[in-house]
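Please open the model in your viewer and keep the selection panel at hand, since the tour moves from one selection to the next.

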Amino acid sequence: MLAVVPPPVTVRVPAKVNLHLSVGDVRPDGYHELVTVFQALSLTDEVTVAVTEDPGVEVYGEGEGSVPTGANNLAWKAAQALAAHVGKADGESKVRVVLRKGIPVAGGMAGGSADAAATLVGLASLWKLDISRDELAGIAAKLGSDVPFALYGGTALGTGRGEQLVPVLSRHTFHWVLAFDQRGLSTPRVFGELDRLREEGTPPRIGSHTPVVEALASGDPRQLALLLGNDLQAAAVSLRPGLRRTLRAGVNAGALAGTVSGSGPTCAFLCADAQSAVEVAAELSGAGVCRTVRVAHGPVPGARLVGGDDAP
Ligand code: C5P
């Protein structure tokens with residue numbers, strides 16, 4: 001009897017921006033203790049998973065040439081991890097993973113983590129697994145610090161390595177302009193640069209996350225704009241001094257505030273409303289300080305099946 005091959009499954013998954021990213025000390029495992037407030041943005045990747053006799057990863061779109069397609073690809077590792085978790089033998093877990101990138105590669109917006117989260121959700125559906133999002137988050141946390149957030153989306157407080165999440169009330173849709181840089185930045189390098197700067201001197205540390213959480217609850221972008229903060233920004237700017245110009249150009253173009261997103265080099269500009277974001281994006285495009293400009297809003301949900309129900 002012929003086995004019925006299930007149809008491919010596509011998942012849409014958001015990028016993140018850190019509204020607040022406070023970096024603590026290095027832990028014995030080499031990671032830094034973090035307190036961060038994430039927001040998921042309408043800038044997305046689409047990931048399609050399909051049963052195949054020819055397993056592998058394909059990448060199309062934004063930065064496709066710089067994404068590894070072998071065993072190093074985080075989406076591929078996610079597929080392996082999920083298969084191992086549910087005890088699927090090699091022969092039963094042959095999949096093709098197709099990544100359509102809208103999120104910049106090595107841009108500080110967790111694009112690789114997003115693809116891993118989407119692969120988990122896609123395969124859970126393709127393989128008809130009875131598995132909750134919380135159980136997927138356990139697998140996600142082992143893949144990378146930002147992978148659990150990409151599963152849930154919304155706005156959340158992350159602690160530990162960033163993988164321990166609690167949702168944060170956000171009463172408003174916030175409007176953002178994103179400036180992609182010419183090249184990516186390596187996350188470990190940026191953390192390493194922060195360690196170096198801290199050994200040399202005392203770059204100022206951002207304060208508590210509480211005011212950011214209060215501003216999100218108030219829904220006032222002007223209040224939130226005053227509070228955006230990222231301890232990694234000094235390190236990203238030290239490695240890529242041109243980001244200073246980009247950050248200035250966004251504010252000169254009319255944004256309320258700008259911040260380096262995560263470990264950079266993408267700069268995220270908070271705008272007063274949707275109309276202002278379009279105007280800031282147009283002006284920033286002409287300023288010659290970045291490769292590409294995008295408009296996005298947040299918060300948006302985490303990894304979701306396209307054209308299907310949302311289980312798990
Ligand atoms: O967890 P993930 O693989 O995304 O992290 C990438 C790198 O970023 C880590 O290898 C580490 O160098 C750095 N990192 C860190 N502390 C964190 C998260 C990431 O030092 N909390």
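For sorting residues, Ala, Val, Leu, Ile, Met, Phe, Trp, Tyr, Cys and Pro count as nonpolar, Asp, Glu, Lys and Arg as charged, and the others, Gly among them, as polar. This is a predicted model, in which local features need pLDDT of at least 70 and side-chain atom pairs count only at pLDDT 80 or more, while totals for chains, interfaces and linings use all residues. Residues are numbered from 1 along each chain as its sequence is written, and side-chain values use heavy atoms, with hydrogens and water left out.

Begin with the largest pocket, which holds about 1100 Å³ of space. Select Leu74, Ser113, Asp146, Thr187 and Pro188, which are the closest to its centre among the 45 residues that line the largest pocket. (A pocket is an open set of points on a 1 Å grid over the protein atoms alone, where a 1.4 Å probe fits, with protein on both sides within 12 Å along at least five of seven lines; lining residues have an atom within 4 Å of a point.) By type, the lining of the largest pocket comprises 20 nonpolar, 18 polar and seven charged residues.

Next, select the second largest pocket, with about 240 Å³ of space, where Val5, Pro6, Val51, Thr52 and Glu53 are the closest to the centre among 14 lining residues. Its lining divides into seven nonpolar, three polar and four charged residues.

Finally, select Ala75, Trp76, Ala78, Ala79, Leu82 and Ala83 in helix 1 (helices are DSSP runs of H or I, at least four residues, numbered from the N terminus), which are buried, meaning under 20% relative accessible area with a 1.4 Å probe and protein chains only. These residues lie on the same side of helix 1, because they cover an arc of only 155 degrees around the axis, taken from the directions from the helix axis to the C-beta atoms.

Note on methods
Grid points are joined across faces, edges and corners, and a volume is the space filled by probe spheres set on the points. Buried means under 20% relative accessible area, exposed over 50%, partly exposed in between (1.4 Å probe, protein chains only). Helices (H or I, at least four residues) and strands (E, at least two) are DSSP runs, numbered from the N terminus.
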